[in-house]
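Colleague: I am new to reading protein models, and I would like to go through one slowly with you. Could we take it feature by feature, with the general idea and then the case in front of us?

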Amino acid sequence: MTIDPRLSETSPAAPITENGLFLADVWDGLAANPKALPAKYFYDAAGSELFEQITVLPEYYPTRTELRILDERGPAIAALLPEGAALVEFGSGSTAKLRRLLRHLPGLAAYVPVDVSGEFLTAQAETLRGDFPDLTVEPVVADFTRPFGLPEGVKDKALAGFFPGSTIGNFEPREAGRLLDVFGRILGPGAVLVLGVDLVKDREVLEAAYDDAAGVTAAFNLNLLHRINRELDGEIDPARFTHRAVFNAEASRIEMHLVSRRAQTIRVAGRSFAFAEGESIHTENSYKYTLDSFRALAARAGWTSAEAWTDRDGLFSVHALRRAG
Ligand code: SAH
Ligand code: AVI
């Protein structure tokens with residue numbers, strides 16, 4: 001994923017709509033060589049539901065492993081957060097991980113889930129309010145790679161950040177550093193950011209996690225083509241594409257692709273794009289770090305490592321970072 005500067009550069013006289021940005025990115029991505037689309041577009045309501053199904057697959061170890069680390073380290077994490085803080089979660093999804101932390105955070109002043117998947121976020125925030133009536137929940141529908149405002153009610157509060165799931169891994173390392181710097185500016189000097197980072201491991205384990213036997217990850221990847229058809233007047237037959245997930249060891253990342261089963265031309269909003277047989281659209285990177293390679297990335301972005309925890313098998317890590325004061 002990349003950080004998108006366009007919205008902030010747009011003059012109010014020439015507004016770019018969300019769907020206009022989506023179309024521009026799809027046209028750019030399909031015209032590029034090699035073809036690539038930004039991973040953030042996976043997440044419409046259907047994509048968010050499919051991601052939730054991924055999180056409980058036997059092959060997808062990250063979610064259950066991170067939940068276990070959060071359960072075990074909840075008290076230590078809580079001790080790092082200031083009393084009366086508002087917690088901003090970037091890419092909150094189902095809010096399942098916040099729910100696990102909540103019992104350790106009785107003094108939390110507010111929870112601000114930020115997510116680009118608007119319909120899904122609104123529904124999750126409503127359910128959370130129902131389950132925790134004493135918690136102030138202030139959802140923000142936004143693309144966190146672009147400037148966005150925090151709710152008025154939390155501006156006078158100490159802020160802390162939460163970025164679980166290894167969503168940071170979906171950004172090129174240079175972009176990940178820029179994103180961490182942006183989060184630091186939002187949260188302020190001295191703030192703590194707790195984030196989940198997936199770790200390098202055997203190719204077999206990684207590739208199975210992104211190409212599960214039940215085909216849920218394939219459906220998640222292919223949903224991008226369905227979404228283009230739904231929202232952008234696309235004329236794509238998703239059955240003519242196949243899901244591929246491969247570990248690129250040199251770059252330390254899982255790559256997901258949609259591979260054209262045959263030579264074909266697809267159309268999106270009146271523009272045509274030719275594919276050779278076997279040509280792919282690169283739809284996602286999921287970078288895998290070591291504890292030290294991630295600490296080094298965070299340090300370059302202005303964060304020092306307060307703590308880092310892993311599970312017993314060294315599959316996944318949770319880092320607590322502190323912004324220079
Ligand atoms: N934090 C959850 C969800 C991770 S899935 C967990 O750990 O399980 C990644 C989430 O980030 C999705 O909910 C997706 O909609 C959101 N997301 C991805 N890119 C985003 C962006 N650029 N801006 C805001 N949210 C984004
Ligand atoms: C959200 N993100 C961290 C997931 C990952 O593991 O990179 C998205 C995902 N893609 C395929 N499976 C899960």
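Colleague: Which residues touch the most other members of the largest nonpolar core?

Modeller: Keep in mind from the start that this is a predicted model. A core is read as a group of buried nonpolar residues joined through their side chains, and in the largest one, which has 37 residues, V26, L30, I228, F241, V268 and I281 touch the most other members. The elements that give two or more residues to this core are α2 (18-31), α3 (45-55), α8 (203-209), α9 (216-231), β8 (241-248), β9 (253-260), β10 (264-268) and β11 (271-275). Of these, α9 gives the most, with six residues.

Colleague: Which residues is F241 in contact with, leaving aside its neighbours within four places in sequence?

Modeller: Its partners are L222, L225, I236, L258, V259, S260, R261, Q264, I266, F275 and I281. Another core, of 33 residues, lies apart from the one we have been discussing, and among its members are A86, A142, L150 and F294.

Colleague: S260 was among those partners of F241; is S260 buried or exposed?

Modeller: S260, which lies in strand β9, counts as buried because its relative accessibility is 2%, below the 20% cut-off for that word. Not counting residues up to four places away in sequence, S260 touches R240, F241, F275, A276, E277, G278 and E279.

Colleague: How should I read two aromatic rings that lie side by side?

Modeller: A pair of aromatic rings is described by the distance of the centres and the angle of the planes. The count in this model comes to 17 aromatic pairs. One of them is formed by F42 and Y43, which are edge-to-face, with 6.3 Å centre to centre and 85 degrees between the planes. Both F42 and Y43 are buried. Another edge-to-face pair is F144 with F183, at 5.6 Å centre to centre and 85 degrees between the planes.

Colleague: Where in the chain do F144 and F183 lie?

Modeller: This pair links distant parts of the chain, since F144 is in the loop between β4 (140-141) and β5 (159-163), whereas F183 is in helix α7 (residues 173-187), 39 residues apart. F144 counts as buried because its relative accessibility is 10%, and F183 is likewise buried, with a relative accessible area of 0%. Rings can also join into groups, and F42, Y43, F51, Y60, Y210 and F220 form one aromatic cluster.

Colleague: What about a charged side chain beside a ring?

Modeller: There the thing to look for is a charged end placed over the face of the ring. K35 lies over the face of F275, at 4.7 Å from the ring centre, and the charged end of R227 sits over the ring of F22, 4.7 Å from its centre.

Colleague: In which sense do β10 and β11 pair?

Modeller: They pair in the antiparallel sense over five bridges, and one of these partnerships joins T265 to A274 in β11. The hairpin of β10 and β11 has two residues between the strands, and in this hairpin A269 takes a positive phi near 50 degrees. For the parallel sense, look at strand β2 (residues 86-90) and β5, which pair over four bridges, with A160 in β5 as the bridge partner of L87. The open sheet of seven strands has mixed pairing and the order β4-β3-β2-β5-β6-β14-β13; its edge strands are β4 and β13 (303-310), each of which pairs on one side only.

Colleague: How do I recognise an unusual backbone?

Modeller: Most residues other than glycine have a negative phi, and most peptide bonds are trans. In this model T95 has a positive phi of about 65 degrees although it is not a glycine, and so has D233, at about 55 degrees. T95 lies in the loop between β2 and α5 (96-102) and is buried, with a relative accessible area of 1%, whereas D233, in the loop between α9 and β7 (234-235), counts as exposed at 53% relative accessibility. The peptide bond from N33 to P34 is cis, with omega near 0 degrees, and P34 is found in the loop between α2 and β1 (35-36).

Colleague: Which element has the lowest mean pLDDT?

Modeller: That is helix α1 (residues 6-9), with a mean of 45, while β9 has the highest, 99. The protein averages a pLDDT of 95, and 95% of the residues score at least 70. Over residues 7-15, however, pLDDT stays under 50, and for this stretch the model has six contacts beyond four places in sequence.

Terms used: Residues are numbered from 1 along each chain as its sequence is written. Chains are lettered from A and ligands numbered from 1 in the order in which they are written. This is a predicted model: local features need pLDDT of at least 70, side-chain atom pairs count only at pLDDT 80 or more; totals for chains, interfaces and linings use all residues. Side-chain values use heavy atoms; hydrogens and water are left out. A nonpolar core is a set of buried Ala, Val, Leu, Ile, Met, Phe, Trp, Tyr and Cys residues joined through side-chain atoms within 4.5 Å. Buried means under 20% relative accessible area, exposed over 50%, partly exposed in between (1.4 Å probe, protein chains only). Contact means heavy atoms within 4.5 Å. Rings of Phe, Tyr and Trp (its six-membered ring) pair if their centres lie within 6.5 Å; planes under 30 degrees apart count as stacked, over 60 as edge-to-face and the rest as tilted. A charge sits over a ring if NZ of Lys or CZ of Arg is within 6 Å of the ring centre and within 35 degrees of the ring normal. pLDDT is the predictor's confidence in each residue, from 0 to 100. Two strands pair if DSSP finds at least two bridges between them.
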